[in-house]
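Please open the model in a viewer and keep the selection panel at hand. The tour below proceeds stop by stop, with a selection proposed at each.

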Amino acid sequence: MKKVSYKELGLVNTRKMFAKAVKGGYAIPAFNFNTMEQMQAIVQAAVETKSPVIMQVSKGARKYANPTILRYMAQGAVEYAKELGCKKPQIVLHLDHGDSFETCKSCIDMGFSSVMIDGSSLPFKDNIKLTKKVVAYAHKFDVTVEAELGVLAGVEDEVAAEESHYTKPEEVIEFATKTGCDSLAISIGTSHGAYKFKPEQCTRDKKTGKLIPPPLAFDVLKAIEKKLPGFPIVLHGSSSVPQDEVDTINKFGGKLPDAVGIPEEQLRKAAKSAVCKINIDSDSRLAMTAAVRKYFAENPGHFDPRQYLGPARESMKKMYIHKIVKVLGSNNKL
Ligand SMILES: [Zn+2]
């Protein structure tokens with residue numbers, strides 16, 4: 001496959017977008033996607049709310065979609081946004097959790113405008129070394145780089161961490177300076193997946209029996225902001241796992257007991273700080289699955305994918321718009 005710059009595809013990197021978001025006290029949505037319907041819903045939501053948006057794929061999602069198809073999907077997303085009436089779409093194609101220099105390089109060569117190198121499981125010095133190498137290559141092509149310090153709990157594709165470790169504020173200056181990264185993902189208690197906390201970490205609502213998760217470590221976030229004023233901070237694992245979607249899934253044959261996420265008030269609070277990118281993946285999966293399960297239960301005779309993926313797309317779009325307007329505040333920011 002011939003190399004291509006993201007600029008030829010009409011995409012943008014995260015630099016200006018993040019600077020504006022930090023100043024303006026809001027966060028850019030980073031929605032993971034694997035399918036055409038998710039991509040369409042993301043673009044429709046971003047255009048309707050006049051929001052910049054990051055479409056991101058993990059290494060596994062990239063393999064699932066195929067890198068060549070992905071490149072044209074990203075280009076298609078930009079053209080689709082224009083067709084929907086957005087004159088200057090601000091769309092980023094971002095690699096989520098890049099695991100090696102080679103994966104990041106391959107994405108940069110194939111039209112990504114932003115990559116994450118996740119060296120958070122490595123010793124501090126090795127994380128710096130790897131991140132620096134990716135930054136050196138990426139910046140040659142004006143591609144922005146997200147790095148990570150601290151470990152999140154939960155499952156991200158094949159990467160699973162048993163225990164989380166909060167980011168150490170005393171390490172962030174050295175890390176940011178030595179690596180030259182453009183943004184930093186931190187660990188303050190968010191977690192990957194739809195089961196973000198074990199029941200024993202939570203309290204239980206006496207009336208509904210639903211789990212109430214422990215609060216995020218805002219003191220750690222504050223300490224990091226103090227060390228790196230104005231530096232773009234990223235929150236991973238920030239789905240809120242809407243209980244109405246979980247209930248719909250369970251009502252129509254699913255089995256997701258005790259699925260729990262990050263309350264939206266906490267994300268709202270984070271978005272007002274130096275947190276300028278909030279990653280949301282599970283909520284889209286839940287919205288899609290709930291809509292499909294409901295559709296099949298109510299229409300057992302139907303088998304045309306458009307019949308059940310159409311409502312799924314609508315449901316995801318509604319969720320994306322809600323996040324943009326009611327949680328992240330990135331609407332009307334183009
Ligand atoms: Zn993540």
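Which side chains meet in a salt bridge at 3.3 Å, N to O? Select Arg204 and Asp258: their side chains form this contact, a salt bridge being a side-chain nitrogen of Lys or Arg within 4 Å of a carboxyl oxygen of Asp or Glu. Before going further, note that this is a predicted model in which local features need pLDDT of at least 70, side-chain atom pairs count only at pLDDT 80 or more, and totals for chains, interfaces and linings use all residues. Residues are numbered from 1 along each chain as its sequence is written, and side-chain values use heavy atoms, with hydrogens and water left out.

**Salt bridges**

Stay with the selected pair. Arg204 lies in strand β9 and Asp258 in the loop between α10 and α11 (264-271), so the salt bridge ties together parts that are 54 residues apart in sequence. Helices (H or I, at least four residues) and strands (E, at least two) are DSSP runs, numbered from the N terminus. Arg204 is partly exposed, with a relative accessible area of 44%, and Asp258 is also partly exposed, at 32%. Here buried means under 20% relative accessible area, exposed over 50%, and partly exposed in between (1.4 Å probe, protein chains only).

Next, select Lys7, Arg15, Asp142 and Asp182, which are joined into one network by salt bridges that share partners. The structure holds 18 salt bridges.

Two further examples lie within helices. Select helix α5 (residues 67-83) and display Glu79 and Lys82, which are 3 residues apart, about one helical turn. Their side chains meet at 3.5 Å, N to O. Glu79 is partly exposed, with a relative accessible area of 41%; Lys82, at 39%, is likewise partly exposed.

Then move to helix α6, where Lys105 and Asp109 lie 4 residues apart, about one turn of the helix. The salt bridge between their side chains spans 2.9 Å, N to O. Lys105 is partly exposed at 29% relative accessible area, whereas Asp109 counts as buried at 12%.

**The zinc site**

Select the zinc ion together with His97, His192 and His236. The protein donors are NE2 of His97, NE2 of His192 and ND1 of His236, lying 2.0 to 2.1 Å from the ion. Donors are N, O and S atoms within 2.8 Å of the metal (3.2 Å for Na, K and Ca); water is not among the atoms, so sites may look incomplete. In sequence, the donor residues follow the spacing H-x94-H-x43-H. His192 lies in the loop between β8 (183-186) and β9 (203-204), and His236 in the loop between β11 (233-235) and α10 (243-251), so the pair ties together parts that are 44 residues apart in sequence. Are these two residues, His192 and His236, buried or exposed? Both are buried.

**Parallel strands around β4**

Select strand β4 (residues 114-117). Ser114 and Met116 point one way, Val115 and Ile117 point the other way, and all are buried. In a regular strand the side chains alternate between the two faces of the sheet.

Add strand β3 (residues 91-98), which pairs with β4 in the parallel sense over 3 bridges; two strands pair if DSSP finds at least two bridges between them. Gly98 stands opposite Ile117 in β4. The chain crosses from β3 through α6 to β4 in a right-handed β-α-β crossover, meaning that, with the strands pointing away from the viewer, the path from the first strand over the helix to the second runs clockwise.

Now add strand β5 (residues 144-149), which runs parallel to β4 and is joined to β4 by 4 bridges. Thr144 in β5 stands opposite Ser114. A right-handed β-α-β unit is made by β4, α7 and β5.

**Aromatic rings**

Finally, select Phe101, Tyr137 and Phe141, which ring pairs link into a cluster. Rings of Phe, Tyr and Trp (its six-membered ring) pair if their centres lie within 6.5 Å; planes under 30 degrees apart count as stacked, over 60 as edge-to-face and the rest as tilted. The count comes to 5 aromatic pairs. The ring centres of Phe101 and Tyr137 are 5.8 Å apart and the planes stand at 80°, so this pair is edge-to-face. Phe101 and Tyr137 are both buried.
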